[in-house]
Amino acid sequence: MSRPSLEVADIFRGHGSAWRRANAGHISLGQLKVMSAIESCRTAALGGHVARCEECAYSQVSYNSCRNRHCPKCQGAAAKDWLAAREADLLPVPYYHVVFTLPAAIADIAYQNKTVVYDLLFKASAETLITIAADPKHLGARIGVTSVLHTWGSAMTHHPHVHMIVPGGGISLDGKRWVACRPRFFLPVRVLSRLFRRLFLERLIAAHEAGLSGSSEVMLLSPTPRRSRRISPHCAGPNGWSMPSARSAGRRPCWPICHATPTASLSPTAD
């Protein structure tokens, strides 16, 4: 593969210092570390190794990569390897693309508590799908899920959401047969939305009581009936709790959807 004529690292090396001086005080330590990693990637600054031919003694120096998840050179190859490995796991059945998105009020809390809130997002979304799918009133099967966390939206603003690729069916609860979902319909969106909202808020409130920082708004988001009226301003409407209806995807096209921008969403209203 030929090397592109211009890379992000080239721009950072040529203009990064001036940009950092012009924006001093507005750049986080994390952002500075990412820029530094990309600038140093595959240069002598990170060291390297020498490969030498035993026949002709020809030598070639290969510098180490930064392995930062934001580096396009490092993560480009890693993404291709990941997709190839996941594609090998695909079953010969239809697949569905489901997205769980956090509202702005929760996204602000997530920005200050990434590890805790992103973990809650993964667990609550997975438990929601698995629970509703296992209900005999819906699918009545044990399903598998592949989840991918996105923390930024297409507008490059903080927008935490989880993309999930789910087979259109699962193993029956007795483990004896495959249970397929209805054609072009996976699970009811509003049922999934309500359970996800309840599970996530219950755990977020528990984290708040345990000392989660920046979570003064959590108590306004209580999922209990006594405070249900106070959920509406934060959790309903176009920017509220959102999850699109499950979109069908074929066997091969389903994986690139993980890298697409979020689809149009259905926003459930508060009870």
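Helices and strands are here DSSP runs, numbered from the N terminus, a helix having at least four residues and a strand at least two. The model is predicted.

**Exercise 1. Locate A57 and R42, and state what is unusual about their backbone angles.**

Solution.
Step 1. With helices and strands numbered in this way, A57 is placed in the loop between β1 and β2 (59–63). R42 belongs to the loop between α2 (29–40) and β1.
Step 2. Most residues other than glycine have a negative phi.
Step 3. A57 is not a glycine, yet its phi is positive, about 65°. R42, also a residue other than glycine, has a positive phi near 55°.
Step 4. The relative accessible area is 48% for A57, which is therefore partly exposed. R42 has 37% and is likewise partly exposed.

**Exercise 2. Describe the chain as a whole: how many helices and strands does it have, and what share of its residues is buried?**

Solution.
Step 1. The secondary structure consists of 7 helices and 9 strands.
Step 2. The chain has 271 residues, and 37% of them count as buried.
Step 3. Among the contacts with a separation of 6 or more, 64% join residues 24 or more positions apart.
Step 4. The accessible surface amounts to about 15700 Å², and carbon and sulfur atoms hold 55% of that area.

**Exercise 3. Compare the span of helix α5 with the expected value, and identify what covers its buried residues.**

Solution.
Step 1. Helix α5 runs over residues 114–134 and has 21 residues.
Step 2. The expected span is 1.5 Å times one less than the number of residues. For α5 this expectation is 30 Å, and the distance from the first C-alpha to the last, 30 Å, is close to it.
Step 3. The buried residues of α5 include V117, Y118, L120, L121 and T128.
Step 4. The cover over the buried residues of α5 includes the helices α4 (104–112) and α6 (189–209). It also includes the strands β3 (95–101), β4 (141–142), β5 (146–152) and β6 (158–167).

**Exercise 4. Show how α5 and α6 are linked, using F196 with T128 and E127 with R203.**

Solution.
Step 1. F196 lies in helix α6, while T128 is one of the buried residues of α5.
Step 2. F196 and T128 are 68 residues apart along the chain, but 5.5 Å separates their C-alpha atoms.
Step 3. A residue is buried when its relative accessible area is under 20%. F196 has 3%, so it counts as buried.
Step 4. A salt bridge joins E127 and R203, with 2.3 Å between the closest N and O atoms. This pair connects distant parts of the chain, since E127 is in helix α5 and R203 is in helix α6, 76 residues away.
Step 5. E127 is partly exposed, at 31% relative accessibility, and R203 is partly exposed, at 28%.

**Exercise 5. Which salt bridges join residues about one helical turn apart? Examine R13 with D10 and R198 with E202.**

Solution.
Step 1. The whole structure contains 7 salt bridges.
Step 2. One of them is formed by the side chains of R13 and D10, at 3.5 Å from N to O. Both residues lie in helix α1 (residues 8–22), 3 residues apart, which is about one turn of the helix.
Step 3. R13, with 37% relative accessible area, is partly exposed, as is D10 at 25%.
Step 4. The side chains of R198 and E202 also meet in a salt bridge, at 3.5 Å from N to O. These two residues are 4 apart in helix α6, so about one helical turn separates them.
Step 5. R198 is partly exposed, at 38%, and E202 is partly exposed, at 39%.

**Exercise 6. Are S172 and V50 buried or exposed, and what surrounds or accompanies each of them?**

Solution.
Step 1. S172 is found in strand β7 (residues 169–172). Its relative accessibility is 3%, so S172 counts as buried.
Step 2. The side chains of S172 and D174 make a polar contact of 2.5 Å.
Step 3. Beyond the neighbours within four places in sequence, S172 is in contact with G140, A141, R142, R177 and V179.
Step 4. V50 is part of strand β1 (residues 48–52). An exposed residue has over 50% relative accessible area; V50 has 54% and therefore counts as exposed.
Step 5. V50 forms a nonpolar surface patch with V61 and Y63, and together the three have about 290 Å² of accessible area.

Key: Residues are numbered from 1 along each chain as its sequence is written. This is a predicted model: local features need pLDDT of at least 70, side-chain atom pairs count only at pLDDT 80 or more; totals for chains, interfaces and linings use all residues. Side-chain values use heavy atoms; hydrogens and water are left out. Patches are made of residues with over 30% relative accessible area and no salt bridge: like charges are joined within 9 Å, nonpolar side chains (Val, Leu, Ile, Met, Phe, Trp, Tyr) within 5 Å. Accessible areas come from the Shrake-Rupley method with a 1.4 Å probe; for residues, only the protein chains shown count as cover. A salt bridge is a side-chain nitrogen of Lys or Arg within 4 Å of a carboxyl oxygen of Asp or Glu. Buried means under 20% relative accessible area, exposed over 50%, partly exposed in between (1.4 Å probe, protein chains only). A polar contact is a pair of N or O atoms within 3.5 Å; within protein, one must be able to donate a hydrogen and the other to accept it, and residues adjacent in sequence count only if both atoms are side-chain atoms. Contact means heavy atoms within 4.5 Å.
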